[in-house]
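Work through the exercises below with the sequence and the model side by side. Try each task before reading its solution.

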Amino acid sequence: MDKHSPTPRIDVKTFAKTHALVSEQTPLGQFGRLSQDCVGEVLGEVAWSVQGSMQASASGGQSAWLHMKASAVVPLTCQRCLSLVDVPLSIDQDFRFVADEATALAEDDASAEDLLVISHDFDVLELVEDELLMALPIVPMHESCESEHAQTLADDADNVGDDKPHPFAALAALRTRKD
Ligand SMILES: [Zn+2]
């Protein structure tokens, strides 16, 4: 499957019964809803995987499960200093599939896993995006804005070669000569 392939859709039951595994890297920009929350150029990729399995259910039958992992770094706006903050997101979640919405609602409170309605045409990327959106911080912020900016200044200073004087040092040298 290449990066321009259409959204992967799976038949959940078959996927679970065959214990199928899909592991992909999808450009962050391909997630339309998630991209709307990002600032600047939306680069980077979302690494994700889904693994199917069948597990015994409380009622004695077998249920289809998906284990999903996803990780991405999303560029957001720091709500304290209003500059860019790269927020790492990491998802590790189990999903159990049930017959219909009513069952999902009835059993949701008693289940640690998330419940979804079984489908022959399940949109995996939409689930990945839903989970990433839910993992977004309500108020994105640097851990410490000041140390973040100090680091940026230090990086800038590092970029100046040893043979090249720092622009401010050169300016100070000019001033000295003028005097
Ligand atoms: Zn900040």
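**Exercise 1.** Determine how β2 and β3 run relative to one another and how many bridges join them.

Solution. Find β3 at residues 45-56 in this predicted model. Then compare the strand directions: β2 and β3 run antiparallel, and 7 bridges join them. Next, check individual pairs. S23 stands opposite S49 in β3. P27 has E45 of β3 as its bridge partner.

**Exercise 2.** Follow β3 to its pairing with β4, and describe the connection between the two strands.

Solution. Start with the pairing: β3 and β4 are antiparallel, with 10 bridges. One position to check is A47, which has S71 of β4 opposite. Then look at the link. The two strands form a hairpin with 5 residues between them. In the turn, G60 has a positive phi of about 100°.

**Exercise 3.** Write down the strand order of the open sheet and identify its edge strands.

Solution. The sheet has 5 strands in the order β2-β3-β4-β5-β6, and its pairing is mixed. The edges are β2 and β6 (114-117), each of which pairs on one side only. From one strand to the next, the twist averages 30°. Now add the helix that packs on this sheet: α4, residues 124-135, touches β2, β3, β4 and β5. The direction of α4 makes about 55° with that of β4.

**Exercise 4.** Which residues of the largest nonpolar core touch the most other members, and which element gives the most to this core?

Solution. The largest nonpolar core has 21 residues. Those touching the most other members are V12, V46, A70, V128 and L132. Next, assign the core to elements: α1, β3, β4, β5 and α4 each supply at least two residues. β4 gives the most, with 5 residues. As background, nonpolar side chains tend to be buried together in soluble globular proteins.

Take V12 as a single case. Neighbours within four places in sequence are left aside. V12 is then in contact with A64, F97, I118, S119 and F122.

**Exercise 5.** Locate H19 and L82, and decide whether each is buried or exposed.

Solution. Place H19 first: it is in the loop between α1 (12-17) and β2 (21-27). Its phi is near 50°, a positive value in a residue other than glycine. Then count neighbours. A residue is exposed if 12 or fewer other C-beta atoms lie within 10 Å of its own. H19 has 10 C-beta neighbours inside 10 Å, so H19 counts as exposed.

Repeat for L82, in the loop between β4 (62-77) and β5 (84-98). Phi of L82 is near 65°, again a positive value in a residue other than glycine. L82 counts as exposed because it has 10 C-beta neighbours inside 10 Å.

**Exercise 6.** Summarise the whole chain: how many helices and strands does it have, and in what order do the elements run?

Solution. Count the elements: there are 6 helices and 7 strands. Read from the N terminus, they run β-α-β-α-β-β-β-α-β-β-α-α-α. Then consider burial: of the 179 residues, 15% count as buried. Last, consider the contacts with a separation of 6 or more. Residues 24 or more positions apart account for 57% of these contacts.

Notes: Residues are numbered from 1 along each chain as its sequence is written. This is a predicted model: local features need pLDDT of at least 70, side-chain atom pairs count only at pLDDT 80 or more; totals for chains, interfaces and linings use all residues. Helices (H or I, at least four residues) and strands (E, at least two) are DSSP runs, numbered from the N terminus. A residue is buried if 20 or more other C-beta atoms lie within 10 Å of its own, exposed if 12 or fewer, and partly exposed in between; C-beta atoms are placed from the backbone. Two strands pair if DSSP finds at least two bridges between them. Axes are lines fitted to C-alpha atoms, for helices over the stretch in contact, and angles run from 0 to 180 degrees between N-to-C directions. Two residues are in contact if their C-beta atoms, placed from the backbone, lie within 7 Å. A nonpolar core is a set of buried Ala, Val, Leu, Ile, Met, Phe, Trp, Tyr and Cys residues joined through C-beta atoms within 7 Å.
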